[in-house]
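Biologist: I'd like to go through this one with you and hear the reasoning behind each label. Can you put it on the screen?

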Amino acid sequence: MPRLDPYLNFAGNTEEAFEFYRSVFGGEFTAVMRFGEMPGCDEMQLKEEEKGKIMHISLPVGNAILMATDSLESMGQKLEVGNNTHLSFSPDSREEADRVFAALADGGKVNMPLQDMFWGDYWGSLTDKFGVNWMVNVGQPPTN
């Protein structure tokens, strides 16, 4: 079943924010990935303190998943009011992802085209013609 979840950007304090959200909502993180774990991290010349920052974190809250990242200026990510919130749409198939992504991108701006990512999902991001930031993500089917 398709889902729509919030995705937040922080200026280097994602971990602190999510420890707070976990204390409020309870539960456990289902993913914590740091920039230092990213393939090609050494070639990007990230500072040591940036390698420990959060690339992706997720916390289930009810029927939704609250997700976030740290915005790193060294990677060209400048956090500003308005770009700190995204909607993450997770359709059931790549075909539906392609359709929705193309429709949302019409008149907007593609930030990263849909593609297979190193973490195994099919993912892309865009800003629609109304200035709303979107991520479209199709996860890999579970293996037995």
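Biologist: How many aromatic pairs does a search of the whole structure find?

Modeller: Six aromatic pairs turn up in that search. Keep in mind that this is a predicted model.

Biologist: What makes Phe18 and Phe29 an aromatic pair, and why is it called tilted?

Modeller: Their ring centres are 6.4 Å apart, and the cut-off is 6.5 Å, so they count as a pair. The planes make 45°; under 30 degrees would be stacked and over 60 edge-to-face, so tilted is what remains.

Biologist: Which parts does that pair tie together?

Modeller: Phe18 sits in helix 1 and Phe29 in the loop between helix 1 and strand 2, so the pair links parts that are 11 residues apart in sequence.

Biologist: On to the sheet. What is the order of its strands?

Modeller: Eight strands make an open sheet, in the order 2-3-4-1-5-8-7-6.

Biologist: What makes strand 2 and strand 6 the edge strands?

Modeller: Strand 2 (31-34) and strand 6 (109-116) each pair on one side only. From one strand to the next, the twist averages 20°.

Biologist: How do you know that strand 1 pairs with strand 5?

Modeller: Six bridges join them, and pairing takes at least two, so they qualify. The two run antiparallel, and Leu4 stands opposite Phe89 in strand 5.

Biologist: And why is the pairing in this sheet called mixed?

Modeller: Strand 1 shows it: strand 1 and strand 5 run antiparallel, while strand 1 and strand 4 run parallel, with four bridges between them. Asn9, for example, has Thr69 in strand 4 as its bridge partner. Strand 3 (residues 54-61) and strand 4 (residues 64-70) are antiparallel too, joined by five bridges. There, Ile57 has Ala68 in strand 4 as its bridge partner.

Biologist: What does helix 1 touch when it packs on the sheet?

Modeller: Helix 1 (residues 14-25) touches strand 1 (3-10), strand 2, strand 3 and strand 4. Its direction makes about 10° with that of strand 3. Helix 3 (residues 94-105) packs on the sheet as well, touching strand 5 (85-90), strand 6, strand 7 (122-127) and strand 8 (133-138). The direction of helix 3 makes about 170° with that of strand 6. Angles run from 0 to 180 degrees between N-to-C directions, so about 170° means that helix 3 and strand 6 point in nearly opposite directions.

Biologist: Last one: what makes Phe20, Val24 and Phe25 a nonpolar surface patch?

Modeller: Patch residues need over 30% relative accessible area, and nonpolar side chains are joined within 5 Å, so these three count as one patch. The patch is about 320 Å², and Phe25 belongs to helix 1.

Key:
Residues numbered from 1 in each chain as written. Predicted model: local features only at pLDDT ≥ 70, side-chain atom pairs only at ≥ 80, totals over all residues. Heavy atoms only, no water. Contact = heavy atoms within 4.5 Å. Patch = residues over 30% accessible without salt bridge, like charges linked within 9 Å, V, L, I, M, F, W, Y side chains within 5 Å. Areas by Shrake-Rupley, 256 points an atom, 1.4 Å probe, with all protein chains shown as cover. Salt bridge = Lys/Arg side-chain N within 4 Å of Asp/Glu carboxyl O.
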